[in-house]
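Here are some exercises to work through with the model open beside you. Try each task first, then compare your steps with the solution.

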Amino acid sequence: MKILIYNAKDFEIPFLEKANNEKHQIKYVPERLTPKTAGLALGFDAISIFSADDGSSMVLERLKDFGVKYIALRSTGYDNVNISTAKKLGIKVANAAGYSPQTIAEHAVALLLALSRKLISSNHQVSTYNFSLSHLVGFDINKKTVGIIGTGRIGKIITRIMHGFNCEIIGHDIYEDKKLEEKYKVSYTTLDNLCKQSDIIFLCTPLNSQTHHLIDMHRIQQMKKEAILINIARGALVHTQDVLQALASKSIAGYGTDVYEHENGIFFYDHSENKPKDKILQQLLDLPNVILTPHQAFATKEALTTIAETTFYNINCWQQNEPGKNELTLELVG
């Protein structure tokens, strides 16, 4: 099968090469999939894309015209692909479902620890030989109330980790997990109550029409002034300008995020010589109570291996005309 890998990163290509094992004919391009770059897929049976690529209806229609029959996502999230249009066009789509929830959960907790102990400020400070502790007083995570919005694969692991910190855990999800309630004494509650009660809030829910701007000024006003918000899901789960306003006014204490609402075209690329003209991003970077990482939570050897293997598992299933466990249909995502 001829496969075009969009948005190919130098660090992931060795993992993809190993997983392919010279079975398929592959071409790697650094460009994101957009309406302008869709033409690169002419003559390919399948493409592979990442979460920053454009899988909108217009792009899918162009891909169909160019002969593309399959799209393999190198991500769990698929909010960037119009699954309904893909089905109508006969284009099969599969994701890298749950490739490494442990990896993402560990990064979420790393963001929390970095904020709670002011590690970024500390590192910057000692690099100038300033060893004063005056501005480095943090707080214990022990016995804090932790709210987890979305108790799926990633949320479950964060629950287990935070239980190890001796935290009281409350959850919010469409589906309440009885095992989490029994094993870790998770109490499910409404989103408003979770915001009111939590010292620390983790966002682990998918992005869709119901969760877009889930955390806005209304929800922020219900939070404690000492609350820390951690986002390792999607940038648009929060209304970024509302979060900025809350941070600046000290309505909440901190924001740790691996995602950004307007990250497309910015994240995954080196802009050090051509800084983006994004005032919101600059405000995030300027605030001392914000830690922003460039969508790197998935970037471990273990996770990249699983992503690559899952990507080619999906492609091999299509080649063999067999149903794959990761294929996305309206029944699965609707």
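## Exercise 1: The nonpolar core

In this predicted model, the largest nonpolar core has 36 residues, and L112, I158, M162, F202 and I230 are those with the most contacts inside it.

**Task.** Find which elements give two or more residues to this core, and which gives the largest share.

**Solution.**
- Step 1. Go through the elements: α4 (101-116), β6, α6 (153-164), α7 (178-184), β9, β10 and α12 each give two or more residues.
- Step 2. Look for the largest share: α4 supplies it, with eight residues.
- Step 3. Set this beside a general trend: in soluble globular proteins, nonpolar side chains tend to be buried together.

## Exercise 2: Strand β9 and its partners

**Task.** Work out which way the side chains of strand β9 (residues 200-203) point and whether they are buried or exposed, then describe how β9 pairs with β6 and with β10.

**Solution.**
- Step 1. Recall that in a regular strand the side chains alternate between the two faces of the sheet.
- Step 2. Apply this here: I200 and F202 point one way, I201 and L203 the other way, and all are buried.
- Step 3. Turn to β6, which runs parallel to β9 and is joined to it by four bridges; I149 stands opposite L203.
- Step 4. Now take strand β10 (residues 228-231): four bridges join it to β9, again in parallel, and I200 faces I228 across this pairing.

## Exercise 3: Checking helix α12

**Task.** Test whether the span of helix α12 (residues 301-319) agrees with its number of residues, and list its buried residues.

**Solution.**
- Step 1. Count 19 residues; at 1.5 Å a residue they should span 27 Å.
- Step 2. Compare the end C-alpha atoms: they are 27 Å apart, so the two values agree.
- Step 3. Pick out the buried residues: A303, L304, I307, A308, T310, T311, F312, N314, I315, N316, C317 and W318.
- Step 4. Look just past the helix: N321 follows α12 and has a positive phi, near 55 degrees.

## Exercise 4: Salt bridges

**Task.** The structure holds seven salt bridges. Describe three of them: R74 with E12, K69 with D45, and K178 with E181.

**Solution.**
- Step 1. R74 and E12 meet at 3.0 Å, N to O. The pair links distant parts of the chain, 62 residues apart: R74 is in the loop between β4 (70-73) and α3 (83-89), E12 in the loop between β1 (2-5) and α1. R74 is buried, with a relative accessible area of 0%, and E12 is also buried, at 7%.
- Step 2. K69 and D45 meet at 4.0 Å, N to O. K69 lies in the loop between α2 (57-65) and β4 and D45 in the loop between β2 and β3, so parts 24 residues apart in sequence are tied together. K69 counts as partly exposed at 42% relative accessibility, as does D45 at 25%.
- Step 3. For K178 and E181, the closest N and O atoms are 3.5 Å apart. Both residues lie in helix α7, three residues apart, about one turn of the helix.

## Exercise 5: A surface patch

**Task.** Which residues form a nonpolar patch on the surface with Y129, and where does Y129 lie?

**Solution.**
- Step 1. V126 and F131 join Y129, with about 380 Å² of accessible area together for the three residues.
- Step 2. Y129 sits in the loop between α5 (119-126) and β6 (145-149).
- Step 3. Y129 counts as exposed because its relative accessibility is 69%, and the cut-off is over 50%.

Definitions and conventions: Residues are numbered from 1 along each chain as its sequence is written. This is a predicted model: local features need pLDDT of at least 70, side-chain atom pairs count only at pLDDT 80 or more; totals for chains, interfaces and linings use all residues. Side-chain values use heavy atoms; hydrogens and water are left out. Patches are made of residues with over 30% relative accessible area and no salt bridge: like charges are joined within 9 Å, nonpolar side chains (Val, Leu, Ile, Met, Phe, Trp, Tyr) within 5 Å. Accessible areas come from the Shrake-Rupley method with a 1.4 Å probe; for residues, only the protein chains shown count as cover. A salt bridge is a side-chain nitrogen of Lys or Arg within 4 Å of a carboxyl oxygen of Asp or Glu. Buried means under 20% relative accessible area, exposed over 50%, partly exposed in between (1.4 Å probe, protein chains only). The expected span of a helix is 1.5 Å times one less than its number of residues. Two strands pair if DSSP finds at least two bridges between them. A nonpolar core is a set of buried Ala, Val, Leu, Ile, Met, Phe, Trp, Tyr and Cys residues joined through side-chain atoms within 4.5 Å.
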